[in-house]
Amino acid sequence: NFFSIRYSAKAYTMPKDVRFRYRLKGFEDWTEITGLRFANYTNVPGGNYVFEVQAANNEGIWNENTLTLPVYVGTAFWRTWWFRTLFFALLVLAGYRLYRYRVDQVKKKQQLKSEYEKKLANVEMSALLAQMNPHFLFNSLNSIDSYIIRNESKKASEYLNNFARLMRLILQNSRSNYISLKDELEALELYMQMESLRFKNKFSYSIAVGENVDMNSVVIPPMLIQPYVENAIWHGLMHLSNGTDGMVKISISKSEDDLQCVIEDNGIGRAEAAAIRAQKQNSHKRSMGMQITQDRIEIINKLYNMNASVSIHDITDEAGNPKGTKVELTIPV
């Protein structure tokens, strides 16, 4: 669609004064010019045209005859109606495919999230049942009954009040995906207090919270720490030889965006505890809470894109003899 048309005319007198006028019919109006012998056209739309040209002598008399020249300008394929229609259709199809892809991705993400939430709910229910297992409930009620029989009404009342508070906290905390660190530690302290009282103060405990930890604002998934404390008491401290005082230390600190929870005991160690458990029937039920907690941590990491972790280490003396167990729990907050 870029072209030039050259023309000329016969004149017997003063040929340099011959005037011309031309037009591309359907594209422009008449153009008058003197001296030049060509017409330039640029970017002419595709289609059929007629080029017309007339000449006038030096006296301004126009030739009655008009020279006509048919001109066909081809259309580039990207400017044809069929190409534009096809391109628009492909654009709409690509947009629809992109939309469907995004919708499918969101659906997959929601489905995956729903599956993880369902798994998490099942595991959390298992964690609740592990904390309220019949063994613990029976022993607690049996301890209260024994205090009543021995006319130790004060201890019976104290134990009963703690038992009621603990059950209320467990049920209350289990309804939320996250609870404050204060509520978690309150339930944990009640649990250790009841166990210590039931075992006639065979072990002591302590909870240390760092100064940079605001227990009211820091929130964590509920019932994460208790299974490790329960394991320390039942598998570490309860098998200590007579005369050895058991001890459970819990320390909470904050490092950047992670909450560091360390549970340390001076029990018999994992190797000896595993040997004792192997000799007893159904002993695996008491350590079930740790496996449930590990499953919860894995699901929470995938569901909320977190990086919670737990590591367990043996504590030994200089001679390599076991002196207890340390559990390090890292929880993003």
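What distance should the 18 residues of helix 4 (residues 181-198) span at 1.5 Å a residue, and how far apart are its end C-alpha atoms? I began the notebook with this point, keeping in mind that the structure is a predicted model.

**Entry 1: helix 4.** I found an expected span of 26 Å for helix 4, and its end C-alpha atoms lie 26 Å apart, which agrees. I next looked up its cover: 13 of the 18 residues are buried, and I therefore recorded helix 4 as mostly covered, a residue being buried when its relative accessible area is under 20%. Just after helix 4, I noted that K200 has a positive phi of about 55 degrees.

**Entry 2: helix 5.** I turned to helix 5, which has twelve residues, 226-237. From first C-alpha to last it reaches 15 Å, close to the 16 Å expected at 1.5 Å a residue. I asked how many of its residues are buried. The count is twelve of twelve. Among these buried residues I listed Y228, E230, N231, W234 and H235.

**Entry 3: the open sheet.** I then traced the strands. Five of them form an open sheet in the order 8-10-11-13-12, with mixed pairing. Strand 8 (203-209) and strand 12 (309-316) stand at the edges; each has a single partner strand, so one side of each lacks a neighbour in the sheet. I recorded an average turn of 15 degrees between neighbouring strands of this sheet, direction ignored.

**Entry 4: strands 10, 11 and 13.** Within the sheet I examined strand 11 (residues 258-265) and its partners. Strand 10 (residues 246-255) pairs with strand 11 in the antiparallel sense over eight bridges. I found S255 opposite D258 of strand 11. The two strands form a hairpin with two residues between them, and E256 in the turn has a positive phi of about 55 degrees. Strand 11 is also joined to strand 13 (residues 322-332) by eight bridges, and these strands run antiparallel. There I identified L329 in strand 13 as the bridge partner of C261.

**Entry 5: a nonpolar surface patch.** Lastly I inspected the surface. Which residues form a nonpolar patch there? I listed F77, W78, W81, W82, L86, L90, L93, Y96 and Y99, which together have about 1100 Å² of accessible area. I followed Y96 further and located this residue in helix 1 (residues 81-131). Its relative accessibility is 48%, so I classed Y96 as partly exposed, a class that lies between the buried limit of 20% and the exposed limit of 50%.

How values were computed:
Residues numbered from 1 in each chain as written. Predicted model: local features only at pLDDT ≥ 70, side-chain atom pairs only at ≥ 80, totals over all residues. Heavy atoms only, no water. Patch = residues over 30% accessible without salt bridge, like charges linked within 9 Å, V, L, I, M, F, W, Y side chains within 5 Å. Areas by Shrake-Rupley, 256 points an atom, 1.4 Å probe, with all protein chains shown as cover. Salt bridge = Lys/Arg side-chain N within 4 Å of Asp/Glu carboxyl O. Helix = DSSP H or I, 4+ residues; strand = E, 2+ residues; numbered from the N terminus. Buried < 20%, exposed > 50% of the residue type's maximum accessible area, 1.4 Å probe, protein only. Pairing = 2+ DSSP bridges. Expected span 1.5 Å × (residues − 1). Axes fitted to C-alpha atoms, helices over the stretch in contact; angles between N-to-C directions.
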